Every structure is written in structure tokens, then in C-alpha cells.
Amino acid sequence: MNFRHDEPGTGANTIESIEEKLPPQVLVVDDSRDVREFVALLLRLSGYRVIKAADGRVALDILRTERPALVISDLEMPVCDGWEMLAHCHAKYPALPVLILSGSGLGRRPEVEGWAAGYLQKPLDIVRFHDEVGRLTSQAA
């Protein structure tokens, strides 16, 4: 039997086939630890893989190496706020959907907010949250 080194053997799992079977990954960005953990819990209970960031700067660093199916972000954060992060995502990763979660702040930067794939008001309506996440991650697939 002769195997080529550049082709997988019969029945072998390749990295691509394993990645295709993984649930979508979601990046959650919020300076409130409680909100981050709550949103991450909701996502994990629905089967998503989750990455968390405490501000937009950390999120942008993560995006250098990871390609989540969706980013969920607050707007008002220290270091790098949601508007700056949204503008960066729009410029560098235009196909990456960003869902904004905010208790306030909407309407302050309509020129940037127009790049968001969706908006949800805090406190979260959990049913609407799940609907939006499902819609946005299925579009990214």
C-alpha cells in the first residue's frame, strides 16, 4: 500500500472536517464582568463556543488570531469602546457580524452604528437574544 504524504488516508479526519463540525464561536465584549459571564452562559447553554473580552482593545487583539462567527459587544467601555471596535471590524472584517448590546448610547454615533448587524437593549430579552444570535450565526456559516 502506498500513501502520499499530502493526502489523508481513508477515513482520516482532517482539520477542515473537524472545524466544520464545531459549533459557531462567538466573541462577547463587555466591560461588565457580570454581563460578559451572563451572555457567555446563555450562549454556551445554546451550544455555542465563547471567547470573552473586557474591552474593544482586547477584542481586536483576539480578532487577529480568531475568526468568530459573531461578535456581541457593548458600546460604552473603557480603553477602546464599542464604536471604535465596530468601525475597525467594518474596515478589516466587513463580513463579520457585530451585534450591539447596550443599556444606553444608541443614537449617539449613527454613522458607525449603521455598520452593526443588529441591536439589543439591556436588560436582555432572552428570546429575542437567542433569535438574533441564531439569525446572525446562520448567516455567517
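This report describes how two helices pack in a predicted model, and then two residues found in loops.

Two packed helices are described by the angle between their axes and the distance between the axes. For helix 3 (residues 56-63) and helix 4 (residues 82-92), the axes come within 9 Å and cross at roughly 20°. Angles under 35 degrees count as roughly parallel, and helix 3 and helix 4 are therefore roughly parallel to each other. The crossing of helix 3 past helix 4 is right-handed.

On the helix 3 side, the contact is made by Gly56, Arg57, Ala59, Leu60 and Leu63, which meet Glu84, Met85, His88 and Cys89 of helix 4. Sorted by class, this contact of helix 3 with helix 4 holds five nonpolar, two polar and two charged residues.

Helix 4 has buried and exposed residues. Gly82, Trp83, Met85, Leu86 and Cys89 are buried there. They lie on the same side of helix 4, because they cover an arc of only 165° around the axis. Ala91 and Lys92 are exposed on the other side of helix 4. The buried residues of helix 4 pack against several elements, including helix 3, strand 1 (25-29) and strand 4 (98-102).

Two loop residues have backbone angles listed below.

| Residue | Backbone angle | Place |
|---|---|---|
| Valine 79 | positive phi of about 70° | loop between strand 3 and helix 4 |
| Proline 123 | omega near -5° for the bond from lysine 122 | loop between strand 5 (118-121) and helix 6 (126-140) |

The peptide bond from lysine 122 to proline 123 is cis. Valine 79 has its positive phi although it is not a glycine. With 63% relative accessibility, valine 79 counts as exposed.

Terms used: Residues are numbered from 1 along each chain as its sequence is written. This is a predicted model: local features need pLDDT of at least 70, side-chain atom pairs count only at pLDDT 80 or more; totals for chains, interfaces and linings use all residues. Side-chain values use heavy atoms; hydrogens and water are left out. Axes are lines fitted to C-alpha atoms, for helices over the stretch in contact, and angles run from 0 to 180 degrees between N-to-C directions. Helices (H or I, at least four residues) and strands (E, at least two) are DSSP runs, numbered from the N terminus. Angles under 35 degrees count as roughly parallel, over 145 as roughly antiparallel, 65 to 115 as roughly perpendicular and the rest as oblique. A crossing is left-handed if the near helix is turned anticlockwise from the far one by less than a right angle, and right-handed if clockwise. Contact means heavy atoms within 4.5 Å. Ala, Val, Leu, Ile, Met, Phe, Trp, Tyr, Cys and Pro count as nonpolar, Asp, Glu, Lys and Arg as charged, and the others, Gly among them, as polar. Buried means under 20% relative accessible area, exposed over 50%, partly exposed in between (1.4 Å probe, protein chains only). The arc is that of the directions from the helix axis to the C-beta atoms.
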